[in-house]
Every structure is written in C-alpha cells, then in structure tokens.
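Here's a quick briefing to read with the model open next to you. We'll start with the overall make-up and then go to the surface.

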Amino acid sequence: MDAAAYGALALARRTDRVAERGLTGAVAALAAAVRGAGREARRPQTGQLHQYLAQAVAAFTALAVVFVLVR
C-alpha cells in the first residue's frame, strides 16, 4: 500500500510539473503573439493591408449572419 501511495504521489508531482511547464509555455507563446501584433499595429500601414482588413471584416460579418440564420 505504501509503495502504491508513493508511486501515485510521484506521478501526481510529475504531472503537475509537466502541466505547469505546458501552461507557462502557452502563456509565453500568447504573450509573444500579442507583442508581435502590437509591433505590427505600430508600423505604417499600406492601402493593401487596409483592403485585406476590410474584406476580412465583411467576410466574418457575413459568416456570423449565416451562422445565426442557419441555427
């Protein structure tokens, strides 16, 4: 019984460390993506980029309407 308890405790500790590392990595990746988006937002924009943004907004709005109507 003691061996099983020690084994379960060791497994729980290892799982906690792996999960913590994974969560830390996910948060770091998200922070890096947000920093990159911030850098892109501060850059001078071209007309072409604004056109892509306008098309994306129109497409996502149309998709939202279709999803609402189909539901």
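**Helices and surface patches at a glance**

The protein has two helices and zero strands. Keep in mind that this is a predicted model. Two surface patches get a closer look below, one positive and one nonpolar.

**Overall make-up**
- Helix α1 covers residues 2–42, and helix α2 covers residues 47–70.
- The protein has 71 residues, and just 1% of them are buried.
- The accessible surface adds up to about 6,500 Å². Carbon and sulfur atoms own 69% of that area.

**The positive patch**
- Four arginines build this one: Arg 13, Arg 14, Arg 17 and Arg 21.
- If you want one residue to click on, Arg 21 sits in helix α1.
- Arg 21 has a relative accessibility of 56%, so it counts as exposed, the cut-off for that being over 50%.

**The nonpolar patch**
- Phe 60, Leu 63, Val 66, Phe 67 and Val 70 make up a nonpolar patch on the surface. The patch spans about 560 Å².
- Phe 67, one of its members, belongs to helix α2.
- Is Phe 67 buried or exposed? Phe 67 is exposed, because its relative accessible area is 60%.

Key:
Residues numbered from 1 in each chain as written. Predicted model: local features only at pLDDT ≥ 70, side-chain atom pairs only at ≥ 80, totals over all residues. Heavy atoms only, no water. Patch = residues over 30% accessible without salt bridge, like charges linked within 9 Å, V, L, I, M, F, W, Y side chains within 5 Å. Areas by Shrake-Rupley, 256 points an atom, 1.4 Å probe, with all protein chains shown as cover. Salt bridge = Lys/Arg side-chain N within 4 Å of Asp/Glu carboxyl O. Lys, Arg positive; Asp, Glu negative; His and termini not counted. Charge placed at Lys NZ, Arg CZ, Asp CG, Glu CD. Helix = DSSP H or I, 4+ residues; strand = E, 2+ residues; numbered from the N terminus. Buried < 20%, exposed > 50% of the residue type's maximum accessible area, 1.4 Å probe, protein only.
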